[in-house]
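Here's a quick tour for anyone who likes to look at side chains before setting up a calculation. Have the viewer open and follow along.

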Amino acid sequence: MKPTVIISTYPDKKSITKIAKMFVKNKTVACVNISKISSIYSWNKKIENTSEYIAIFKTTSKNKKLLKEKIKETHPYDVPEIAEIDVTSINKPYLDWLIDSTT
């Protein structure tokens, strides 16, 4: 089984914390890293400069489709970022923990 990392951004810590806890509890993900960031982007023909929270979801290839669907269903944004990072290498003890935490 391969590790999978999905990233997304959220408008506030409360919304991502609630979602992250739910995903860890139901074993969709093993871990979610959350950090405050500054984002500059174009939206509705305006340049925005806002604070957001980036979420790094860590799961397995087996759960990635479900995770992407659940992010889309629960996300507060009209157009959420759901980006998959291809993990080509990971240390074996971490991979073992990741698999154990999502099965």
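## A serine, some rings and a pocket

Let's start with a polar contact: the side chains of S8 and H75 are joined at 3.2 Å. Keep in mind that this is a predicted model.

Where does S8 sit in the fold? You'll find S8 in strand 1, which covers residues 3-10. Is S8 buried or exposed? Its relative accessibility is 0%, so S8 counts as buried, the cut-off being under 20%. Leaving out residues up to four places away in sequence, S8 touches Y53, I54, A55, F57, I71, H75 and E81. So H75 turns up both among the residues that S8 touches and as its polar partner.

F57, one of the residues touched by S8, leads on to the rings. A pair of aromatic rings is described by how far apart the centres are and by the angle of the planes. How many aromatic pairs does the structure hold? There are 3 aromatic pairs, and here are two of them:

| Pair | Centre to centre | Angle between planes | Type |
|---|---|---|---|
| F23 and F57 | 5.8 Å | 55° | tilted |
| Y94 and W97 | 5.2 Å | 50° | tilted |

Why are these two called tilted? For Y94 and W97, the planes are at 50°, so the pair falls between the stacked limit (under 30 degrees) and the edge-to-face limit (over 60). The 55° of F23 and F57 lies between those limits too.

The F23 and F57 pair reaches across the sequence. F23 belongs to helix 1 (residues 13-25) and F57 to strand 3 (residues 46-60), so this pair ties together parts that are 34 residues apart in sequence. Both of these phenylalanines are buried. Ring pairs also bring in Y10, giving a cluster of Y10, F23 and F57.

Y94 and W97 are a local affair: both lie in helix 3 (residues 92-101), and because they are 3 residues apart, about one helical turn separates them. Y94 has a relative accessible area of 26%, so it is partly exposed. W97 is partly exposed as well, at 36%.

Finally, the pocket. How much space lies in the largest pocket? About 200 Å³. Its lining is made up of T9, Y41, W43, E52, Y77, D78, V79 and E81. Sorted by class, that lining has 4 nonpolar, 1 polar and 3 charged residues. E81 links back to the start: this residue lines the largest pocket and is also touched by S8.

Key: Residues are numbered from 1 along each chain as its sequence is written. This is a predicted model: local features need pLDDT of at least 70, side-chain atom pairs count only at pLDDT 80 or more; totals for chains, interfaces and linings use all residues. Side-chain values use heavy atoms; hydrogens and water are left out. On a 1 Å grid over the protein atoms alone, a cavity is a set of points where a 1.4 Å probe fits but cannot get out, and a pocket is an open set with protein on both sides within 12 Å along at least five of seven lines; lining residues have an atom within 4 Å of a point. Grid points are joined across faces, edges and corners, and a volume is the space filled by probe spheres set on the points. Ala, Val, Leu, Ile, Met, Phe, Trp, Tyr, Cys and Pro count as nonpolar, Asp, Glu, Lys and Arg as charged, and the others, Gly among them, as polar. Helices (H or I, at least four residues) and strands (E, at least two) are DSSP runs, numbered from the N terminus. Buried means under 20% relative accessible area, exposed over 50%, partly exposed in between (1.4 Å probe, protein chains only). A polar contact is a pair of N or O atoms within 3.5 Å; within protein, one must be able to donate a hydrogen and the other to accept it, and residues adjacent in sequence count only if both atoms are side-chain atoms. Contact means heavy atoms within 4.5 Å. Rings of Phe, Tyr and Trp (its six-membered ring) pair if their centres lie within 6.5 Å; planes under 30 degrees apart count as stacked, over 60 as edge-to-face and the rest as tilted.
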